[in-house]
Amino acid sequence: KAAPVCAPVVHGLQVFAFTAPGATLFPQYIGDVFVAFINASCKFLKEVHSGDTLYPALEIIAVTPQGDTGVLTTRATVYNQQGELVLDGEHQYLLKTPPEGGK
């Protein structure tokens, strides 16, 4: 028998929104090279309830150069206040190659 739920379950897409670039420090790290958010995938691993504290993170796992652009792949994770992984996925971004000597 399932344990009673003490707070409403949060929709997975609301949890996924915590991995959006603007919800992390990602925009400050990449600067003005952003072109497009081209792909996203994730698995919802545990329920999230109203009132939970969430800790999202993006980790760069691959960079694929393509001439004057490139695809940056990040692992997107969200942990809850108990340290449990509640969402695991990947994002892909199309970025401009910075000018020589740029950041």
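Is R75 buried, partly exposed or exposed? Let us settle that first, then work through four short exercises.

R75 counts as partly exposed, because its relative accessibility is 30% (buried means under 20% relative accessible area, exposed over 50%, partly exposed in between, with a 1.4 Å probe and protein chains only).

Two ground rules help before you go on. This is a predicted model, in which local features need pLDDT of at least 70 and side-chain atom pairs count only at pLDDT 80 or more, while totals for chains, interfaces and linings use all residues. Residues are numbered from 1 along each chain as its sequence is written, and side-chain values use heavy atoms, with hydrogens and water left out.

**Exercise 1. Find the salt bridge and place its two partners.**

Step 1. Apply the rule: a side-chain nitrogen of Lys or Arg lies within 4 Å of a carboxyl oxygen of Asp or Glu. The count comes to one salt bridge.

Step 2. Name the pair. R75 bridges to D88, and the closest N and O atoms are 2.8 Å apart. The partners sit in distant parts of the chain, R75 in strand β3 and D88 in strand β4, 13 residues apart. (Strands are DSSP runs of E with at least two residues, helices are runs of H or I with at least four, and both are numbered from the N terminus.)

Step 3. Recall the principle: side chains of opposite charge can pair when their charged atoms come close.

Step 4. Check the surroundings. D88 is partly exposed, because its relative accessible area is 24%.

**Exercise 2. Work out how the strands pair.**

Step 1. Set the criterion: two strands pair if DSSP finds at least two bridges between them.

Step 2. Take β2 and β3. They run antiparallel and are joined by 12 bridges, and A57 stands opposite T77 in β3. The two strands form a hairpin with two residues between them, where G67 in the turn has a positive phi of about 70 degrees.

Step 3. Move on to β3 and β4. Here 11 bridges join antiparallel strands, with V78 opposite L87 in β4. Their hairpin has four residues between the strands, and G83 takes a positive phi near 80 degrees.

Step 4. Finish with strand β1 (residues 34-44), which runs antiparallel to β4 through nine bridges. In this pairing F37 stands opposite Y93 in β4.

**Exercise 3. Classify H91, Q92, T74 and S50 by exposure, and list their contacts.**

Step 1. Start with the neighbours H91 and Q92. H91 lies in strand β4, as does Q92. H91 is buried, because its relative accessible area is 1%, whereas Q92 is partly exposed at 25% relative accessibility. A general point to keep in mind is that in a regular strand the side chains alternate between the two faces of the sheet.

Step 2. Compile their contacts (heavy atoms within 4.5 Å), leaving aside neighbours within four places in sequence. For H91 they include F16, T19, A20, L58 and T74. Q92 is in contact with A36, F37, I38, N39, V71, L72 and T73.

Step 3. Turn to T74 in strand β3. T74 is buried, because its relative accessibility is 1%. Outside the four places on either side in sequence, its contacts include F26, L58, I60, H91 and Y93.

Step 4. Compare S50, found in the loop between β1 and β2. S50 counts as partly exposed at 45% relative accessibility. Residues up to four places away not counted, S50 touches A7, P8 and V10.

Step 5. Add the spacing. T74 and S50 are 24 residues apart in sequence, and their C-alpha atoms are 27 Å apart.

**Exercise 4. Describe the largest pocket.**

Step 1. Fix the terms. On a 1 Å grid over the protein atoms alone, a pocket is an open set of points with protein on both sides within 12 Å along at least five of seven lines, and lining residues have an atom within 4 Å of a point.

Step 2. Give the volume, which is about 250 Å³ (the space filled by probe spheres set on the points).

Step 3. Look at the lining. Of its 16 residues, the closest to the centre are V33, L95, K96, T97 and P98. The elements that give two or more residues are α2 (26-30), β2 (54-66), β3 (69-80) and β4 (85-96). β3 gives the most, with four residues.

Step 4. Sort by class: nine nonpolar, five polar and two charged residues. (Ala, Val, Leu, Ile, Met, Phe, Trp, Tyr, Cys and Pro count as nonpolar, Asp, Glu, Lys and Arg as charged, and the others, Gly among them, as polar.)

Definitions and conventions: On a 1 Å grid over the protein atoms alone, a cavity is a set of points where a 1.4 Å probe fits but cannot get out, and a pocket is an open set with protein on both sides within 12 Å along at least five of seven lines; lining residues have an atom within 4 Å of a point.
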